[in-house]
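Welcome! Have the structure open beside you, and try each exercise before you read its solution.

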Amino acid sequence: MSFNWRRPFRSRDDNDEPTTQDAPALTRVNSAEVSDGSLKYTLEKGGNDSQPSYQEATGAPVESRSPLGYSVGPITIIFLNVSKMIGTGVYSTPSAILRGTGSVGLSMIYWTLGFFTSISTLSVLLEFASYFPNRSGSEVVYLEQAYPRPRWLFPTAFAFLNVVLSFSSGNSIVCAQYLFRINGHTPSPWELKGVAIAAYTVAFLAVVFHTKASYAFSNGIGIVKTLTLIFIAITGLVVLGGNISSIPDPHSNFRNAFDGLPPTPYGLNNALYRIIFSYTGFDNAFNVVNEVKNPIKTLRRNTFISVFLVAVLYNLANVAYFASVPLPDLRAAKEITASLFFTAVFGSSNAVRGLNFLIALSSFGNLVTVLIGSSRMIRECGRQGVLPFPRFWATTRPFGTPIGPYFVKWFMTVIMILAPPAGDAFNFVVDLQVYPSSLFHILVGIGLFIVRYRRKKLGLGRGEFKAWTVVVVFNILVYAYLLVMPWYPPEGGPYAGNVSFWYATYVVTGTGILLGCGIYYYAWIWLLPKLRGYRIRQEVLTLEDGAQSHKVIKVPVEQLAEWDATHDAVGRPLNRTDSHSGDSERIGVSSTAGEKGQDGNVRDVDPEK
């Protein structure tokens with residue numbers, strides 16, 4: 001195997017190539033390029049004190065100085081994850097999980113399975129982050145780097161998915177439901193929708209004006225949310241001790257815990273979907289990797305702490321529910337499981353209203369945390385250049401926040417609150433968001449093996465963290481199950497699902513979104529260029545705030561050879577030192593954290609190779 005290794009500002013003869021054994025020593029933070037013949041990798045360094053790392057050349061440019069700053073420390077990492085996980089799931093989904101599993105015992109096993117599933121995915125993402133520690137955006141980056149060919153296919157598909165499904169209507173509706181329960185009012189469908197929109201608008205305003213303040217606000221709400229769940233857990237233990245006179249037999253639901261209605265494949269699948277939904281958020285900190293100093297060490301410690309903490313609280317909260325509420329009432333509940341618990345323990349009193357307010361606040365905090373994390377993911381999609389108007393997605397002006405992605409999320413959430421029937425909105429949206437993402441989770445898991453193979457082939461060495469192979473395989477199998485089983489019909493026929501319409505509507509909708517990604521990609525990259533006589537190239541766009549993005553451009557076929565000869569891989573012009581000889585110099589990445597190269601940009605490579 002041969003390497004093409006280039007350093008700038010000096011000539012190179014045919015013998016100036018290191019061997020495979022020499023390659024791991026390439027740790028200098030200057031322009032280094034490694035190629036296996038079909039793909040090229042450039043050495044990049046961000047300003048977050050991470051090690052220099054190689055990334056495939058067509059990836060979005062590394063920002064040597066994050067325009068969003070470096071405000072994410074250990075506490076923020078923990079509460080970015082905790083606050084997103086403790087949203088509406090643990091308060092709203094236990095009833096549906098009990099109906100799906102059929103018994104208390106199997107329901108508790110499923111809540112524990114959610115912990116192991118989260119840990120497996122967390123391990124996969126942490127290994128990816130160790131390879132690309134200077135990029136925010138989580139799966140956006142990892143799919144881009146694992147599947148660089150066909151060029152722009154996976155960035156296009158994932159960007160399309162993230163924009164179309166960039167809504168938080170389910171959590172907004174549950175937040176509104178708990179706000180109405182504070183005063184005991186039963187809302188009409190449009191009252192519910194109106195309050196849900198108002199809640200999300202307030203969350204949008206809370207994060208759009210200042211990045212550091214948004215983290216502080218999120219941390220504060222996260223602390224309140226954690227304390228609320230701790231209170232429920234402690235109350236449940238008090239109930240189990242027989243100290244609540246209104247609950248004479250708190251152990252009744254735990255006797256013969258595995259007796260109950262026999263589970264069905266459809267019910268088990270729905271239960272697992274809701275478990276995944278309840279743990280969603282354990283990976284939120286990976287969306288802000290480039291805003292974390294010394295990211296891998298900091299993430300490794302604090303992300304595992306956050307998942308373990310939440311798993312313990314989730315199981316204790318379910319013990320509290322089962323100790324306090326009769327099983328028939330739990331099975332009949334919709335999205336109000338926690339309110340049944342409050343009523344059973346405290347009665348219809350001001351305490352119940354206060355606790356409903358705390359759960360509404362928890363739901364609201366989830367909206368804030370999701371906005372913070374997913375805005376970075378959407379911004380990274382835009383920086384890849386596959387979305388129209390790259391400036392809109394990448395800019396952080398005027399407030400130093402990703403205002404474009406914030407606005408898109410607000411707009412899409414309002415649309416999805418208004419569109420579905422109010423009674424079915426929560427279940428449909430939960431399922432719709434989980435199903436297409438299951439495919440990408442599978443691809444991320446498989447992609448980790450691909451990245452390992454390529455790095456070993458190139459002699460680039462291992463990252464700071466490596467997941468156990470058995471954990472990666474377990475993660476792939478779980479999401480493969482979630483991808484296949486939703487097609488299995490419920491016992492009562494096609495209209496006996498958890499919504500009033502056809503049971504697999506969300507499956508078909510999710511599949512349609514994925515197909516739409518493929519159609520869009522084919523038309524944009526292949527069909528239209530062939531019909532109109534141009535080819536797609538990318539160039540680097542540097543904005544006034546220091547943000548960087550790719551911009552995909554159209555180059556007429558007759559100008560293609562000239563364009564390729566005068567541009568580097570990502571699209572920056574080559575600097576020629578001798579117009580007669582045609583010898584060129586390539587612009588390097590920054591030599592120290594927080595500094596830029598000669599043109600203020602990062603490294604480029606040839607998109608045609």
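**Exercise 1. Find the glycine that follows helix H9 and give the sign of its phi.**

*Solution.* Step one: look just past H9, where you meet Gly242. Step two: read its phi, which is positive, near 80°. Helices here are DSSP runs of H or I with at least four residues, strands are runs of E with at least two, and both are numbered from the N terminus. Step three: check the helix itself. H9 covers residues 211-240, 30 residues in total, and reaches 44 Å from its first C-alpha to its last, close to the 44 Å expected at 1.5 Å a residue. The expected span is 1.5 Å times one less than the number of residues.

Two notes before you go on. This is a predicted model, in which local features need pLDDT of at least 70 and side-chain atom pairs count only at pLDDT 80 or more, while totals for chains, interfaces and linings use all residues. Residues are numbered from 1 along each chain as its sequence is written, and side-chain values use heavy atoms, with hydrogens and water left out.

**Exercise 2. Work out what Phe217 touches, leaving aside neighbours within four places in sequence.**

*Solution.* Step one: locate Phe217 in helix H9. Step two: list its contacts (heavy atoms within 4.5 Å), which are Ala206, Phe364 and Val368. Step three: compare positions along the chain. Phe217 and Ala206 are eleven residues apart, and their C-alpha atoms are separated by 7.9 Å. Step four: classify the residue. Phe217 has 35% relative accessibility, so it counts as partly exposed; buried means under 20% relative accessible area, exposed over 50%, and partly exposed in between, with a 1.4 Å probe and protein chains only.

**Exercise 3. Decide where around the axis the buried residues of helix H8 lie.**

*Solution.* Step one: measure up the helix. The 19 residues of H8 (189-207) should span 27 Å at 1.5 Å a residue, and the end C-alpha atoms are 28 Å apart, which agrees. Step two: collect the buried residues, among them Leu192, Ala196, Tyr200 and Phe204. Step three: the buried residues cover an arc of only 160° around the axis, which puts them on the same side of H8. The arc is taken from the directions that run from the helix axis to the C-beta atoms.

**Exercise 4. Name the helix that gives the most to the largest nonpolar core.**

*Solution.* Step one: know the term. A nonpolar core is a set of buried Ala, Val, Leu, Ile, Met, Phe, Trp, Tyr and Cys residues joined through side-chain atoms within 4.5 Å. Step two: find the largest one, which has 140 residues; Tyr91, Leu229 and Phe286 are among those with the most contacts inside it. Step three: helix H4 (residues 104-131) gives the most to this core, with 14 residues. Step four: zoom in on Phe286, whose contacts beyond four places in sequence include Leu122, Tyr142 and Leu299. Apart from this core lies another, of eight residues, including Ile173 and Ile417. As background, nonpolar side chains tend to be buried together in soluble globular proteins.

**Exercise 5. Classify the aromatic pair of Phe158 and Phe440.**

*Solution.* Step one: apply the rule. Rings of Phe, Tyr and Trp (its six-membered ring) pair if their centres lie within 6.5 Å; planes under 30 degrees apart count as stacked, over 60 as edge-to-face and the rest as tilted. Step two: the centres of Phe158 and Phe440 are 5.0 Å apart with 85° between the planes, an edge-to-face pair. Step three: Phe158 lies in H6 (153-164) and Phe440 in H17 (422-458), so the pair ties together parts that are 282 residues apart in sequence. Both Phe158 and Phe440 are buried.

**Exercise 6. Describe the peptide bond from Arg149 to Pro150, then the one from Arg397 to Pro398.**

*Solution.* Step one: recall that most peptide bonds are trans. Step two: the bond from Arg149 to Pro150 is cis, with omega near -5°, and Pro150 sits in the loop between H5 (139-146) and H6. Step three: the bond from Arg397 to Pro398 is also cis, with omega near 5°, and Pro398 lies in the loop between H15 (390-394) and H16 (403-418).
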